[in-house]
Amino acid sequence: MLLKVFVIVLSISQVYSVPKRKSYSDLKSCNLGPLAKEIASYDTVVRSILDYVRGPFKGKTYAELAKFVDKFGARPSGSDTLEQSIDYLVQLTRDENIKDIVTEEVKVPHWVRGKEQFTLLKPRVKNINGLGFGSSIGTPPEGITAEVIVVSSFDEFSNISEHDVKGKIVVFDPKFVEYSVTNIYRTTAASVAAKKGAVATLVRSITPFSINSPHTGQQSYEENVVKIPTAAITVEDADLMRRMFERGEKIEVQIQMSATTNDDKISRNTLIDLKGTERPEKLVIVSGHVDSWDVGQGAMDNGGGVFISWAVPVILQRLNLRPKRTIRSIFWTAEEPGLIGATAYEAKHRNESHNIDFIMESDEGTFAPLGLVVTGTQEARCIIAEVLKLFESINASTLVESDSPSSDINVIVDTGVPGAGLYNANDRYYWFHHTEGDTMNVEDPDELDLGAAMWTAAAYVIADISVDIPRAQDKAKRS
Ligand SMILES: [Zn+2]
């Protein structure tokens, strides 16, 4: 009996990949002196924010997110819907009597999926659930029909001769290890296979769990390599073709994709400022990205992140709380096609980047908050760890360390700015990621309340304390 339980526990932890992040034991040696006392004194204001979100603001973050998601649905880069949803967010914020809002124009890609059909023809006829990857070219109208080879890894593929690849569709069937590790197959498979003469690639969806839904995402072609169509297939269909292939059965697939890459469009980053009372030039940034994939509703990725970041200035304004530094809430545009909005922001604001005290983004789910994923010096981490102690009552005091705390802001933390992502109970995040399953049903009102409260209070304390968050000595890691 005991043994059985043990085995089950083991297999669950393998499936639900625990993030490989370090919790810093060296934080035990933090010695902040009087600053620790100063940070502890924010307990009252943190409690008032928590009480407000559990009281008059209860359910508001979820309700506003639902209104937004239900009204606009998917908001892909280059679409009119994305621009309309940005206008809506600006107006929604103005309605809260917050006037300091600007949008900054950004040129963004405009890829359109079009119609897609994937069919297994041999050894038997079966529909395959597939989704082309962002930036993939389409097929000729009649489609591409070819024999399939199934390969588990790039290593294995490197040992297969050009003769065995030429003219074929390569199915990459890598087992899910961790998103950041396994997604290399999504992003690069097409060019890897095209170099040996493959005519298309199909990639097992990057997910630890599946009910036969394909997961899309961005891919990129290498320069000077023939472009071939590339798409995600479900875990189930990839594994099916793997079994057929291992039995020596001849597999034939037809792929029809009418994807097009159109001229770039103009989109916008949205900046909402709650001006600081003493050092308004200094910024504590909270953020999320407005755009989503064209499948699903973008409720989780990243409506939740946008709405807890929208809640920060709204809650502080309603409570008449103004920190010493400015709090800037940013809604990035065009994250999905490759951090386009954040990259444009970094370039445009580079000469004032020394004014960013701390930058935060929530783009890995807004499930129950657990703490923050922090990048910064030991001293910076000590200060943030002390701030996180204020969230013990809601079990959100954990500090985990990562060099890349969250998608968009990685562009800015790479220049030496300390920052954090929302650490949350997101074990199921990649189940829904970039699928039709990314809907409001993934979101929970109480978890969004906790996330909004914690996000707001953490930003407030960091923006108000007497010291700046220290930076690394070599400020610009980027050359
Ligand atoms: Zn995202």
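# Exercises on helices, domains and local geometry

Asn302 lies in helix α11. Helices (H or I, at least four residues) and strands (E, at least two) are DSSP runs, numbered from the N terminus.

The model is predicted: local features need pLDDT of at least 70, side-chain atom pairs count only at pLDDT 80 or more, and totals for chains, interfaces and linings use all residues. Residues are numbered from 1 along each chain as its sequence is written.

## Exercise 1: Peptide bonds and phi

Task: Find which residues are joined by a cis peptide bond, and place Pro123.

Solution.
- Step 1. Start in α11, which holds Asn302. A cis peptide bond joins Asp301 to Asn302, with omega about 5°.
- Step 2. Go to Lys122 and Pro123. A cis bond links this pair, and omega is about 5°.
- Step 3. Place Pro123. It sits in the loop between β3 (116–122) and β4 (126–128).
- Step 4. Add a phi value. Asn212 is not a glycine, yet its phi is positive, near 65°. Asn212 belongs to the loop between β8 (200–204) and β9 (230–233).

## Exercise 2: The α11 and α16 pair

Task: Describe how α11 and α16 cross, and which residues meet.

Solution.
- Step 1. Take the axes, which are lines fitted to C-alpha atoms, for helices over the stretch in contact; angles run from 0 to 180 degrees between N-to-C directions. The axes of α11 (residues 299–318) and α16 (residues 445–464) come within 8 Å and cross at roughly 55°.
- Step 2. Classify the angle. Under 35 degrees counts as roughly parallel, over 145 as roughly antiparallel, 65 to 115 as roughly perpendicular, and the rest as oblique. The two helices are therefore oblique to each other.
- Step 3. Give the hand. α11 passes α16 in a right-handed crossing. (A crossing is left-handed if the near helix is turned anticlockwise from the far one by less than a right angle, and right-handed if clockwise.)
- Step 4. List contacts, where C-beta atoms, placed from the backbone, lie within 7 Å. From α11 come Gly304, Ile308, Ser309, Ala311, Val312, Ile315 and Leu316; they meet Leu448, Gly451, Ala452, Trp455, Thr456, Ala459 and Tyr460 of α16.
- Step 5. Sort these residues: ten nonpolar, four polar and no charged. (Ala, Val, Leu, Ile, Met, Phe, Trp, Tyr, Cys and Pro count as nonpolar, Asp, Glu, Lys and Arg as charged, and the others, Gly among them, as polar.)

## Exercise 3: Bring in α4

Task: Work out how α4 crosses α11 and how α4 crosses α16.

Solution.
- Step 1. Begin with α11. The axes of α4 (residues 60–72) and α11 come within 10 Å and cross at roughly 130°. The pair is therefore oblique. The crossing of α4 past α11 is right-handed.
- Step 2. Name the contacts. Thr61, Glu64, Leu65, Phe68 and Val69 of α4 meet Ala299, Gly303, Gly304, Phe307, Ile308 and Ala311 of α11. They divide into seven nonpolar, three polar and one charged.
- Step 3. Turn to α16. Its axis and that of α4 come within 7 Å and cross at roughly 110°. That makes α4 roughly perpendicular to α16.
- Step 4. Name these contacts too. Thr61, Tyr62 and Leu65 of α4 touch Pro445, Leu448, Asp449 and Ala452 of α16. The split is five nonpolar, one polar and one charged.

## Exercise 4: Domains and the whole chain

Task: Lay out the domains, then the chain's dimensions.

Solution.
- Step 1. Read the domain assignment. Domain 1 is 20–110 + 263–464, and domain 2 is 114–258. (Such bounds come from an automatic or database domain assignment.)
- Step 2. Separate the centres. The C-alpha centres of the two domains lie 35 Å apart.
- Step 3. Inspect the contact. 13 residues of domain 1 touch 13 residues of domain 2. On the domain 1 side, five are nonpolar, five polar and three charged.
- Step 4. Box the chain. Its C-alpha atoms fill roughly 70 × 60 × 45 Å along the principal axes.

Methods: Contact = placed C-beta atoms within 7 Å.
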